[in-house]
Each structure stands twice: as C-alpha cells, then as structure tokens.
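The following exercises concern one protein chain. Each task is followed by a solution in steps.

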Amino acid sequence: MATMAECRSALDRLSDSLAGADGDVRSAAALDRSLSCHIKDLDITFTGRLADGRIRVLDTVEGPPREKAEIRLAMTGDDLVAMVDGELNFARAWGSGRVRLEAGFRDLLRLKSLL
C-alpha cells in the first residue's frame, strides 16, 4: 500500500509532467480549477488547485474532501502511483471504476486529452 509521502510525490511528479507538456495536454492543464484527490485506502484527501499548467497541493486532510472541488478524483494510493509511473492507464482505470473523476461537463471535455 502506497504511503501518504509516496502519494504526495506522485502528485508532484504529475504536476511536473503537466507543466512540461505540449499541445492539447498543455491546453487542458491550463485550467484554473480547485482540485481534490481522495486516497481511499489511506482515507486522506489532498486539496489544491490546477492552475498555470501545474497542480499545487495546498492542504492534506483526513477523510473525504470537506468542500466540493471543481475537479474531484478518488482512487487508492497504489493506483495513483501506478498511473503517474505509467503502469496503469487512466482511461481504463476510470472506465472500470478504479478511479473516479468528477467535474463539470466542459471541464471533462477539456480534460479528456489528458486521458
């Protein structure tokens, strides 16, 4: 089971990848939205913002998110680490229910290029 530190490191690596992306991925990552990532097996939530092509984690709270972020993710820590490491395909994980992504319809359309 991934630790909280490993999950935080994975989010930092994901942020670095988004910041270095080009084309459609860079455009999708350019949203300015509140973001939460609930790690179900650790029962913690990272909260922050997706802005300027980066994910900025601002806080870590116990349990599910206290406020409804504009973009909401939920998954296990192992799935987060595996996705960032390229070992788990996000679209397949989302389609099978291993990963939950909730956002407004327009945001989902823009985020699809990240899949």
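Contact means heavy atoms within 4.5 Å. The model is predicted: local features need pLDDT of at least 70, side-chain atom pairs count only at pLDDT 80 or more, and totals for chains, interfaces and linings use all residues. Residues are numbered from 1 along each chain as its sequence is written, and side-chain values use heavy atoms, with hydrogens and water left out.

**Exercise 1.** Describe the overall fold and dimensions of the protein chain.

*Solution.*
Step 1. Helices (H or I, at least four residues) and strands (E, at least two) are DSSP runs, numbered from the N terminus. The chain has five helices and five strands, in the order α-α-β-β-β-β-α-α-β-α.
Step 2. The radius of gyration, taken over C-alpha atoms and compared with a globule rule of 2.2 Å times the number of residues to the power 0.38, is 13 Å; the rule also gives 13 Å for 115 residues, so the chain is as compact as a globular protein of that length.
Step 3. Among contacts between residues at least 6 apart in sequence, 58% join residues at least 24 apart.

**Exercise 2.** Identify the residues and elements that build the largest nonpolar core.

*Solution.*
Step 1. Buried means under 20% relative accessible area, exposed over 50%, and partly exposed in between (1.4 Å probe, protein chains only). A nonpolar core is a set of buried Ala, Val, Leu, Ile, Met, Phe, Trp, Tyr and Cys residues joined through side-chain atoms within 4.5 Å.
Step 2. The largest such core holds 28 residues, of which I39, F46, I71, L73, M75 and L80 touch the most other members. Elements that each supply at least two residues include β1 (33-39), β2 (44-51) and α3 (77-84). Helix α1 gives the largest share, four residues.
Step 3. Beyond its neighbours within four places in sequence, L73 is in contact with L35, S36, C37, H38, F90, R100 and L101.

**Exercise 3.** Is S15 buried or exposed, and which residues does S15 contact?

*Solution.*
Step 1. S15 lies in helix α1.
Step 2. Its relative accessibility is 2%, so S15 counts as buried.
Step 3. Leaving aside neighbours within four places in sequence, the contacts of S15 are G53, R54 and I55.

**Exercise 4.** Determine how many disulfides the structure holds.

*Solution.*
Step 1. A disulfide is a pair of cysteine sulfur atoms within 2.5 Å. A search of the whole structure finds zero.
Step 2. For C7, the nearest cysteine sulfur is that of C37, 7.5 Å away.
Step 3. C7 is buried at 0% relative accessible area, and C37 is buried at 3%.
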